[in-house]
Amino acid sequence: MKTSLLLTLIVLFSGCSEKLTRVMPYEKEHFADPKMSLTPLAARAEQDGHIFLIREASAGGDGAYQGGCGCR
Amino acid sequence: MKTLLLFITLGLHLYAGVSQGDKAPEFTLQTLDGKKSYTMQNFQGEVVLLNLWASWCKGCKKEMPEFFALQKSYTKGFSLVTISVDDKAAKSQNFLKSVEKKTGIKTPFITLHDAKKEVAKAYGVAAMPSSYLIDKKGIIRAVIVGSLNHEEIEALKKDINTLLK
């Protein structure tokens, strides 16, 4: 009884094994595709972030440009 | 207790990649154009730097021109064997063409295609790119995870020269 329970648990938990569910480094071709990025244009996203910070009267923190003066 | 130890051992075995001192796993792969087939046996008696790369990997883009120069600096006894894990060989071919254009050097090493990722699995590649320095007897002497810059390639040359003696 104990052995069969142990074996059942092992089979069930093997489904959660990181090795079985993890995408290996050499399998990341599709993740690396540019169309998988959240924003297609990185430079445009930085600019949008900057404008958002100015509009919301935030003072920088984005790191992409300087403070929230809107001068750059 | 014994059962627990057995399962821990099996679990750890799942994560095992090759390491220094191991025999380099055997493989049979075709070149990118599919015209020729190579195995590890083809490189017996040579010092081999086995590099696993992909056209989508940023580190590979950085180190590939260095590899062109590295193979160019050896005429005998050393073979750089690169294995692409791209799904399609055409992507790898285009990538190499762009490096050829950049360096002005025709691809000086053998490039094999591992579309099924069998070699990557056998070597337990932990990150892309990964390189393995293999001695004349087929023993892995160094496992290099990540891309190599010019200085690191120069240091690697010293290891290669030691193994060539």
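## Exercises on chain B

Cys57(B) is buried, at 3% relative accessible area. The model is predicted.

**Exercise 1.** Find the partner of Cys57(B) in its disulfide, and give the hand of the bond.

*Solution.*
- Step 1. Look at the sulfur atoms: those of Cys57(B) and Cys60(B) lie 2.2 Å apart.
- Step 2. Apply the cut-off. A disulfide needs sulfur atoms within 2.5 Å, so Cys57(B) and Cys60(B) form one.
- Step 3. Count over all chains: the structure holds 1 disulfide.
- Step 4. Take the torsion about the S-S bond. It is about 90 degrees, so the disulfide of Cys57(B) and Cys60(B) is right-handed.
- Step 5. Check the partner's surroundings. Cys60(B) has a relative accessible area of 1%, so Cys60(B) is buried.

**Exercise 2.** Compare the expected span of helix H3 of chain B with the distance between its end C-alpha atoms.

*Solution.*
- Step 1. H3(B) runs over residues 89–103, which makes 15 residues.
- Step 2. At 1.5 Å a residue, H3(B) should span 21 Å.
- Step 3. The end C-alpha atoms are 21 Å apart, which agrees.

**Exercise 3.** Which residues of H3(B) are buried, and what do they pack against?

*Solution.*
- Step 1. List the buried residues: Ala89(B), Ser92(B), Phe95(B), Leu96(B) and Val99(B).
- Step 2. Place them around the axis. They cover an arc of only 120 degrees, so they sit on the same side of H3(B).
- Step 3. Turn to the other side of H3(B): Lys97(B) and Lys101(B) are exposed there.
- Step 4. Name the packing partners of the buried residues. In chain B these are strand S3 (47–53), helix H2 (58–72), strand S4 (78–84) and strand S5 (110–113).

Technical notes. Residues are numbered from 1 along each chain as its sequence is written. Chains are lettered from A and ligands numbered from 1 in the order in which they are written. This is a predicted model: local features need pLDDT of at least 70, side-chain atom pairs count only at pLDDT 80 or more; totals for chains, interfaces and linings use all residues. Side-chain values use heavy atoms; hydrogens and water are left out. Buried means under 20% relative accessible area, exposed over 50%, partly exposed in between (1.4 Å probe, protein chains only). Helices (H or I, at least four residues) and strands (E, at least two) are DSSP runs, numbered from the N terminus. The expected span of a helix is 1.5 Å times one less than its number of residues. The arc is that of the directions from the helix axis to the C-beta atoms. Contact means heavy atoms within 4.5 Å.
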